[in-house]
Amino acid sequence: MNKEYFMRVALDLAFKAQELGEVPVGAVVVRDDEIIGRGYNHSIIAMDPTAHAEVVALRDAAQNLGNYRLLDCTLFVTLEPCVMCIGALFHARIKRLVYAAADPKTGVCGSLLNLPAETRLNHHLEVIGGVLATEAGSLLRQFFISKRNSGKALLL
């Protein structure tokens, strides 16, 4: 599995989110080296607090597979997941999570908390962080600098 290739696809989706004025996060679900789900943040446009890249990609993959359980799948995402998104990954039974940039404010895969390591939960997944972290982190930093400088800061 080429982690950098799939993360670059997720980064392309993050750029799409940015073009729409959304926080630039993208995600893909992969099974057997094939992308079966794609998503990018569009909570603002959709007026949907659950429209994070991970959730959108999971929904797409589930529709494409015809099953809400995404067994033997890997999710690639450009930002460490929040509590809502890691919960969705648990419920989908994702096998592996690969993320790019850490999120010290809301990341729950080692930054703020480490929910995948919580032994009391009924599902566990492999977590790999830092794949193309520099590129993803730079995209996010530039996005928020641009928002602050334009006076159009997001309510985060």
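1. Strand 3 (residues 74–79) is largely enclosed by the rest of the structure, because six of its six residues are buried. Buried here means under 20% relative accessible area, exposed means over 50%, and partly exposed lies in between (1.4 Å probe, protein chains only). Strands are DSSP runs of E with at least two residues, helices are runs of H or I with at least four, and both are numbered from the N terminus.

2. On the source: this is a predicted model, in which local features need pLDDT of at least 70 and side-chain atom pairs count only at pLDDT 80 or more, while totals for chains, interfaces and linings use all residues. Residues are numbered from 1 along each chain as its sequence is written, and side-chain values use heavy atoms, with hydrogens and water left out.

3. Which strands pair with strand 3? Strand 1 runs antiparallel to strand 3 and is joined to it by four bridges; strand 4 (residues 96–101) pairs with strand 3 in the parallel sense over five bridges. Two strands pair if DSSP finds at least two bridges between them. On the strand 1 side, V30 stands opposite T74 and A27 stands opposite V77. On the strand 4 side, T74 has R96 as its bridge partner. T74 thus appears in both pairings, facing V30 and R96.

4. Strand 1 is also mostly covered, with five of its six residues buried. Besides strand 3, strand 1 pairs with strand 2 in the antiparallel sense through six bridges. R31 has E34 of strand 2 as its bridge partner. The two strands form a hairpin with two residues between them, and D32 in the turn has a positive phi of about 50 degrees.

5. Is D32 buried or exposed? D32 lies in the loop between strand 1 (26–31) and strand 2 (34–40), and its relative accessibility of 69% is why D32 counts as exposed. D32 also belongs to a negative surface patch, together with D33, E34 and D72. Patches are made of residues with over 30% relative accessible area and no salt bridge, with like charges joined within 9 Å and nonpolar side chains (Val, Leu, Ile, Met, Phe, Trp, Tyr) within 5 Å.

6. How many salt bridges does a search of the whole structure find? The search finds three. A salt bridge is a side-chain nitrogen of Lys or Arg within 4 Å of a carboxyl oxygen of Asp or Glu.

7. One of the salt bridges joins the side chains of R8 and E135 at 3.5 Å, N to O. R8 is in helix 1 (residues 3–19) and E135 in helix 5 (residues 133–150), so the pair ties together parts that are 127 residues apart in sequence. R8 is partly exposed at 42% relative accessibility, and E135 is partly exposed at 35%.

8. R96, already met as the partner of T74, forms a salt bridge with E126 at 2.9 Å, N to O. This pair links distant parts of the chain, with R96 in strand 4 and E126 in strand 5 (residues 126–129), 30 residues apart. R96 counts as buried at 19% relative accessibility, whereas E126 is partly exposed with a relative accessible area of 41%.

9. The side chains of E118 and R120 also meet in a salt bridge, at 2.6 Å, N to O. E118 counts as partly exposed at 23% relative accessibility, while R120 is exposed with a relative accessible area of 72%.

Key. Areas by Shrake-Rupley, 256 points an atom, 1.4 Å probe, with all protein chains shown as cover. Lys, Arg positive; Asp, Glu negative; His and termini not counted. Charge placed at Lys NZ, Arg CZ, Asp CG, Glu CD.
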